[in-house]
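Visitor: I would like to learn how to read a structure like this one, feature by feature. Could you show me the model and then take me through it slowly?

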Amino acid sequence: MGKYLLLAFRNIFRNRRRTLMTLCMVGGGVAGLLLAGGYFAFMTHGLRESTINNGLGHIQIFTAEHFKRDETRVLDTGIDNWRQVAATITTGGHVRGVAPRIEFYGMVSNGVKAVGFMGSAVDPAAEDTLGFVSRVETGNDLDSKPGGEVEALIGKGLAKSMGVGVGDGLTVLAMTADGALNGVDVQIVGIVNTGVAEMDARYLRITLASAQRLLQSDRVTNLVVGLDATDNTDKVAAELAPRLQGLPQQMILKKWIDLATYYKQVNTMFNGIFLFMGVIVFFMVLMSSVNTLLMSMFERTREIGTMLAMGTPRSWIVALFMLEATLLGVMGAIVGVIGGNLLGVLLNSSGLHMPPPPGYTVAIAFRVLHVPAQMIGSSILVIVSLAFASILPAVRASKLQIAEALSHV
Amino acid sequence: MDGLVNVEAVSRRFTLDHEKNGAYVTALIDASLHVSAGEFLAISGPSGSGKSTLLNLIGCIDKPTTGSIHIDGVDTSSLKPGEMSRLRREKIGFVFQTFNLIPVFTAAENVEYPLLIKGVLPSSRRKRVAEALESVGLSARANQRPDLLSGGERQRVAVARAIVHRPALVLADEPTANLDTKNATQLIDLMHDLNRRLGLTFIFSTHDARLLEHTDRIVRLCDGQVISDSRQSDGHIEMSIQGGSRG
């Protein structure tokens, strides 16, 4: 079979210009897929890490009743003895820390008008430990120093709506655990730009102490667990789940992917676009290669007739053409992978930025990740496409009438 | 029926136009021919006389419209395409007018090809290729590609390719048509020499009367009919006239 492979390989280079054109087309398809896929991978990877580091964490712990809660009285289903739960969690490997949270809703008032908010109460020291960052555009982040418990961060849109800035005061109103309306005064220390306009119009962050005073409870709604690496999430979650079973309250563990709805939507969208591009490249390579391979077949009619006359099985002729196309696909894939990666390196060093996507206010850096799985997948795609393209010419060649083929000019 | 090739009353018609039923041209009419193993036979006749058609039929690359052909005792009319292919691979070697070498293969690789498709082991292939090239005097050109060989050398490579798998029969369709007189004569002499030394049966077609002096037996065709079958040995010519008159 080695000689047959050699024959196929040499046949590819009979018409060098045509082979070069085919390689450019196949390689271009692969490179295009790698650049688009690499950019999508960068976007989803960046979105994943920013989603986690913006406060979602790798794992979150809730009580079993949390998801049936009344949103006006969120701590009714909160974690009672959260320090004990946090201690249980931190004994595991790969855990960088645990941050208590209260996710709550209410109204914020400047004395003239009141606007609804989606609030979160945090322990600034714990957040710092986990490296969670608030996107403070003006002012400072919450402070963990004594006396910092009255500080608040608000979204850019909410600040605009309320007509307040850094240093101004606001009253936060919410329902206590007993069902009474309560209020605390806070001082704005920073304006946050999350990048999502809708979020900025409702964003409020205060300290855990303020929230517990406001809500008249020392419970928290959830515990956020930060790990040393995102890839360890499944491992830690599997190890943590049984240890949470022995606690007084029944707990539920959620991984970041279960909570990152937006990330999942974006990822699905990018996967869909990538698949669509893959289908386009597949048919582009298929249609143009059929023509090229048919031309090659017609040019070699007499030679094929000679091979058949000498007793070459017709299946060998089919195999020869498919082998040639497959080898061409392999070479095109190699050209594409090398070209795509080189272009990726060039683009990464160019410092290009993409305009903000819809709903975002921040421009996104253009970067291309080099993803081995995409290189393998794109290569297989074009190889299969070329093998498919060779079926028609191969079958036609194998069905040639020998006497006619031998007299072909 | 005990010869290597037995052609019995074979006719071959080609349909001219698929739209008009019955429109055809007859390339061969009731041709009969018996060739024994070890013969060196020329089929002669003008262009369009049916030489190539007869060789194609004997070579199992075409089927007769009527009549039967037996090769080495096998009735080829009953063979399926795959069996015809195997018969060609095992028992027949071909030399073509335009050499028909595979251009991307070297001379040695071209000669090796029939052994490759026959499934001969590489070590044995190498030995037999060397022997075949030696027998046509081209050992020194083994690694040259066809485009670097002269016409005469290319045709000698084609002859080596035709004999390397030791076929029962070698068919050569106008093997000298693209060669000058000197090379043509040398090629016929080479084929004759291989016929004598290796006992190979050669049937070749030609319309060049000068080359017929070098052959033992000449079958003449005209307008698709065998008109004579003559043998010459020691200067003595023995001729039999065949075929009837055509209306």
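Visitor: How many residues does each chain give to the contact between chain A and chain B?

Guide: Two residues are in contact if their C-beta atoms, placed from the backbone, lie within 7 Å. By that rule the contact takes 17 residues from chain A and 20 residues from chain B. Please keep in mind that this is a predicted model, in which local features need pLDDT of at least 70 and side-chain atom pairs count only at pLDDT 80 or more, while totals for chains, interfaces and linings use all residues. Residues are numbered from 1 along each chain as its sequence is written, and chains are lettered from A and ligands numbered from 1 in the order in which they are written.

Visitor: Which elements of chain B give two or more residues to the side that touches chain A?

Guide: Helices (H or I, at least four residues) and strands (E, at least two) are DSSP runs, numbered from the N terminus. On the side of chain B that touches chain A, the elements with two or more residues are helix H2 (81–91) and helix H3 (107–118) of chain B, and H3(B) gives the most, with six residues. By residue type, that side of chain B divides into six charged, four polar and 10 nonpolar, where Ala, Val, Leu, Ile, Met, Phe, Trp, Tyr, Cys and Pro count as nonpolar, Asp, Glu, Lys and Arg as charged, and the others, Gly among them, as polar.

Visitor: How should I read a nonpolar core, and which residues of the largest one touch the most other members?

Guide: In soluble globular proteins, nonpolar side chains tend to be buried together. A residue is buried if 20 or more other C-beta atoms lie within 10 Å of its own, exposed if 12 or fewer, and partly exposed in between, with C-beta atoms placed from the backbone. A nonpolar core is then a set of buried Ala, Val, Leu, Ile, Met, Phe, Trp, Tyr and Cys residues joined through C-beta atoms within 7 Å. The largest core has 111 residues, of which B:Ala160 and B:Ile203 touch the most other members, and helix H2 (residues 16–56) of chain A gives the most to this core, with 10 residues. A second, separate core has 55 residues, among them A:Leu56, A:Val74, A:Ile79 and A:Ala159.

Visitor: What does B:Ala160 touch?

Guide: Not counting residues up to four places away in sequence, B:Ala160 touches B:Val111, B:Ala132, B:Leu133, B:Ser135, B:Val136 and B:Leu138.

Visitor: How do I read a sheet, and what is the order of the strands in the open sheet of chain B?

Guide: Two strands pair if DSSP finds at least two bridges between them. The open sheet of chain B has four strands in the order E2-E1-E4-E5, with antiparallel pairing. Strand E2 (24–35) and strand E5 (74–75) of chain B stand at the edges, each with a single partner strand, so one side of each is left without a neighbour in the sheet. Strand E4 (residues 66–71) of chain B pairs with E5(B) over two bridges in the antiparallel sense, and B:Asp75 in E5(B) is the bridge partner of B:His70.

Visitor: In chain A, why is strand E9 largely enclosed by the rest of the structure?

Guide: Strand E9 (residues 222–227) of chain A is largely enclosed because six of its six residues are buried. Both of its faces are covered, with A:Asn222, A:Val224 and A:Gly226 buried on one side and A:Leu223, A:Val225 and A:Leu227 buried on the other. Strand E1 (residues 59–63) of chain A pairs with E9(A) in the antiparallel sense over three bridges, and A:Ile61 stands opposite A:Leu223. Strand E2 (residues 95–109) of chain A also runs antiparallel to E9(A), joined by six bridges, with A:Gly97 and A:Gly226 as bridge partners.

Visitor: Is A:Ile188 buried or exposed?

Guide: A:Ile188, which lies in strand E7 (residues 181–192) of chain A, is buried, with 22 other C-beta atoms within 10 Å. A:Ala152 is 36 residues from A:Ile188 in sequence, yet their C-alpha atoms are 4.8 Å apart in space.

Visitor: And is B:Ala9 buried or exposed?

Guide: B:Ala9, in strand E1 of chain B, counts as exposed, with 12 C-beta neighbours inside 10 Å. B:Ala9 also has a positive phi of about 45°, although it is not a glycine.
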